[in-house]
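These are my notebook entries on one protein structure. I record what I looked up, entry by entry.

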Amino acid sequence: MKAYQQGWTLRRRVAALLGVVVVLLLGLAAAEAAVAAKNRENIDAVLLKTGPLRVEAQELMSVLLDQETSVRGYAVNGDGSDLEPYREGVKREQDLVTSIRDLSADYPDVRRSLDVVEQQTAQWRTQVAEPVIATVERDGPEAGQALITDATRQQFDGIRSSVNTLQEEILTVRQETADRVNATSNTLVALLIIAALVVTTAGVVMLISLDRILIRPLAALVGQVREVADGDYRHRIEGSGPPEFRRLAEDIDQMRMKIARELDEVREARERIEWVNSQLQKQAEELTRSNRDLEQFAYVASHDLQEPLRKVASFCQLLQRRYAGQLDERADQYIAFAVDGAQRMQRLINDLLAFSRIGRLTTGFTEVDLNKVMGDVAGQTEAALQYADAELTWGEMPTIRGEEPLLTNLLVNLVSNSVKFRRPDVPPKVHVSARLVDGEWEISCRDNGIGIEPEFADKIFVIFQRLHSKDAYPGTGIGLAIVKKIVEYHGGRVWVDTDADEGTTIRFTLPALEADIEAARAAEAATDEDATDATDATDAEDATDPAEAPAAEGADGDPAGVGRQPDGEAREEPPAEADRHGTNGGMKETVG
C-alpha cells in the first residue's frame, strides 16, 4: 500500500507481484516434480505392463477359441483350409505366452497362472487337437467327429477357466498399481491446487490493479463494437483510457464507416438484382406459356388442317386423272399446280407435327446400339441410295442411352440429306463414324456432295430455312431442324464442320455411358505409363487415333470394320418416288 501511495508504476507493481508468485511456484514445482516422477513410474506400470498384459490375455483367449473352432470345423468338413486358423493360432499363442511372461516378470502370481494355462493348452493340443487332425486326414471327417466328445469340450472349458483366472490375476495386479497411481495423483493434485491458489490470488490482485486502467475502458469499447456488430452501423465509436485504446477506437470507427458505405452499396445492388430477377421471372413464365401455346397450336393446327387438305388433294388428283386432256393446256397446268401445292402442304403439316412431337411423346430412354440403328437406316434409305447409285458406310458405333426411333430418324435425315445434295455425275458416298471426346460420343456424317458455305453453317438448322429452291432440291426445310431438336433432346449439340475439304460434314454429340468413359480413362492411363521418354511421347502424339480411323478413311473407300449398304442394281425411279423413300415417319430431310 505504501508503495502504491508513493506512485509505483503499473509495470513495477506487476513485476513485484510476479516475483513473489515465481518464488512460490518454483518451490511448488520442485515438490510436484518429485511426486510426478513417482506417479510416472506407477503410470508406466499400468500402461506398459498391466494394460498390455490384459490385452494379450484377452487375445490369448481369442486365439485358443480360434484353434478349437478351427479343429471342430476341420472335423466337420475335412477341408484343409479350415486348419489355417489353427496353425496360425499356435504360432500366435507362442508369441503371446512369451510376451506375457516377459511383461509379468515382476508379478509371480500372473506367471504361475500363465504356466497353468500353457500346461493345459499343451495337453489339449496333444490329447485332442492333433489326434482329431490325424484321424480326419486318415479316416475322414466322421471319424474325426467321433473324437470330439463332451469330455474334450470340458477339457477345453478347463483351459478357458484357467485363462479367466489369469485375467483375474492381471486385473488384481492392475488394480494395485492403479491404487498407487491414485495416491500419487492425489498428492500431485493437492500441490497443483496450492499452485492454483497462488496464481489465483496473484490474478485477483492484478485484476483489481488493472480494472480501472485497462478492463473498464476495454469493456466500454467492446460494448460499442457489439452495438455495431448487432447492426447499428451508424453508432459512432469513442475510446477512453490509455492512448492505445483511443487509437484503437478511432481505427475501428474508420472501419465501421467503410463497412456502412459498402453495405449501402450492396443494399442498392440487391434491390436492383431483385427487380431484374422479378422481370426475368415474368419473362420466363411468359416464354413458357408462349411455348406451350405454340406447341398446342402446331399440334391442333396439324390435325385440323389434315382433313380439308386431304380432301383438296384427293379432289384435285381426281380432276387430274378424270379430265386430263379434256380441258385446255392451261387448265391442266392449273390443276397440276393445285395438286403439287396440296401435296407440299401435307408434307409441311406432317413434318411440323413430327417436329412438335419430339420430346413431348416419349417412350423413355434405353440403351441403344447405334450399329443396329445404322442397319435400320440403311434399310430405310435403300431405295434412295440405289436410285442415286450412292454408297453408305459406317464405322464401329457405340451404345448410348436414348430413344431408338428418334435416333433412327436423326440418322435417316442426315443420310437422306447427304444423298439428296449430291454433285452431278459424281456417285454419292456417305460415311458415318464415332469417336469419344471429353466424355461424349462425337458422331460425324460426311459426304462428297455440294457442300455448305461457312456463312450458312448455322442457318441450315433453322426450321423451314432453305438455301435452294424447291425445284432444284425437293423438301420442306425442316429435316435438319428435326435433327437439331432430337440431338438437344438427348443432351447433345450439332454443328457443321466448316473445315471439311470436300462435301459436307455434320457432327453431333451424345452423352457416353459411364462404362465407356472409364474404359477410355483406363486406356489413356495405360498409354501414359508406357511412355518412358520424350521420344515415345512424341511418337504417341503422332500416332493415328483409332477412334478417328473410320473418319480419316472417309467415304472414298471401305475401311476395315465398316458397315456398308448392300450392293443392289441401280434402278430408274422418278424423283418424286425417290423423295418419298427419303422420308421417315412423315419427317422429310431438309435442304442443307
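The entries below deal with paired strands, a few buried residues, a helix end and a cavity.

Entry 1. Status of the model.
I note at the outset that this is a predicted model.

Entry 2. Strands E2, E4 and E5.
I began with strand E2, residues 391-394, and looked up its pairing with strand E4, residues 429-437. The two strands pair in the parallel sense, and the pairing covers 4 bridges. As one position in this pairing, I recorded Thr-393, which stands opposite His-431 in E4.
I then followed E4 to strand E5. Here the two strands run antiparallel and are joined by 8 bridges. Leu-436 has Trp-441 in E5 as its bridge partner. E4 and E5 form a hairpin, with 2 residues between the strands. In the turn I found Asp-438, whose phi is positive at about 55°.

Entry 3. Strand E7 and its partners.
Which strands pair with E7? I found E5, residues 440-447, joined to E7 by 7 bridges in an antiparallel arrangement. I also found strand E6, residues 494-496, which pairs with E7 in the antiparallel sense over 3 bridges. For the E5 pairing I noted Glu-442, whose bridge partner in E7 is Thr-509. For the E6 pairing I noted Val-494, which stands opposite Phe-508.
I next checked how covered E7 is. Of the 7 residues in this strand, 505-511, 6 are buried, and the strand is thus described as mostly covered.

Entry 4. Ser-444.
Ser-444 lies in strand E5. Is Ser-444 buried or exposed? Ser-444 counts as buried because its relative accessibility is 3%, and the cut-off for buried is under 20%. I looked up its contacts beyond four places in sequence and found His-431, Val-432, Ser-433, Thr-505, Ile-506 and Arg-507. With Arg-507 there is also a polar contact, side chain to side chain, at 2.5 Å.

Entry 5. Val-46 and Thr-184.
I turned to the helices. Val-46 belongs to helix H2 and is buried, because its relative accessible area is 12%. Its C-alpha atom is separated by 6.3 Å from that of Arg-174, although the two residues are 128 residues apart along the chain. Arg-174 is also among the residues that Val-46 touches, including Thr-177, Ala-178 and Val-181.
Thr-184 is found in helix H6, residues 150-229. I recorded Thr-184 as buried because its relative accessibility is 13%. Leaving aside residues up to four places away in sequence, Thr-184 touches Val-35, Lys-38, Asn-39 and Asn-42.

Entry 6. Helix H12.
I listed the buried residues of helix H12, residues 479-489: Gly-479, Leu-480, Ala-481, Ile-482, Val-483, Ile-486 and Val-487. After H12 comes Gly-491, which has a positive phi near 85°.

Entry 7. The second largest cavity.
How many cavities of 30 Å³ or more are there? The count is 2. I examined the second largest, which has a volume of about 70 Å³. Its lining consists of Glu-68, Val-71, Arg-72, Trp-124, Val-128, Ile-148, Thr-152, Arg-153 and Phe-156. Helix H2 (10-77), helix H4 (108-139) and H6 each supply at least two of the lining residues. By residue class, I recorded 5 nonpolar, 1 polar and 3 charged residues in this lining.

Notes: Residues are numbered from 1 along each chain as its sequence is written. This is a predicted model: local features need pLDDT of at least 70, side-chain atom pairs count only at pLDDT 80 or more; totals for chains, interfaces and linings use all residues. Side-chain values use heavy atoms; hydrogens and water are left out. Buried means under 20% relative accessible area, exposed over 50%, partly exposed in between (1.4 Å probe, protein chains only). Two strands pair if DSSP finds at least two bridges between them. Contact means heavy atoms within 4.5 Å. On a 1 Å grid over the protein atoms alone, a cavity is a set of points where a 1.4 Å probe fits but cannot get out, and a pocket is an open set with protein on both sides within 12 Å along at least five of seven lines; lining residues have an atom within 4 Å of a point. Grid points are joined across faces, edges and corners, and a volume is the space filled by probe spheres set on the points. Ala, Val, Leu, Ile, Met, Phe, Trp, Tyr, Cys and Pro count as nonpolar, Asp, Glu, Lys and Arg as charged, and the others, Gly among them, as polar. A polar contact is a pair of N or O atoms within 3.5 Å; within protein, one must be able to donate a hydrogen and the other to accept it, and residues adjacent in sequence count only if both atoms are side-chain atoms.
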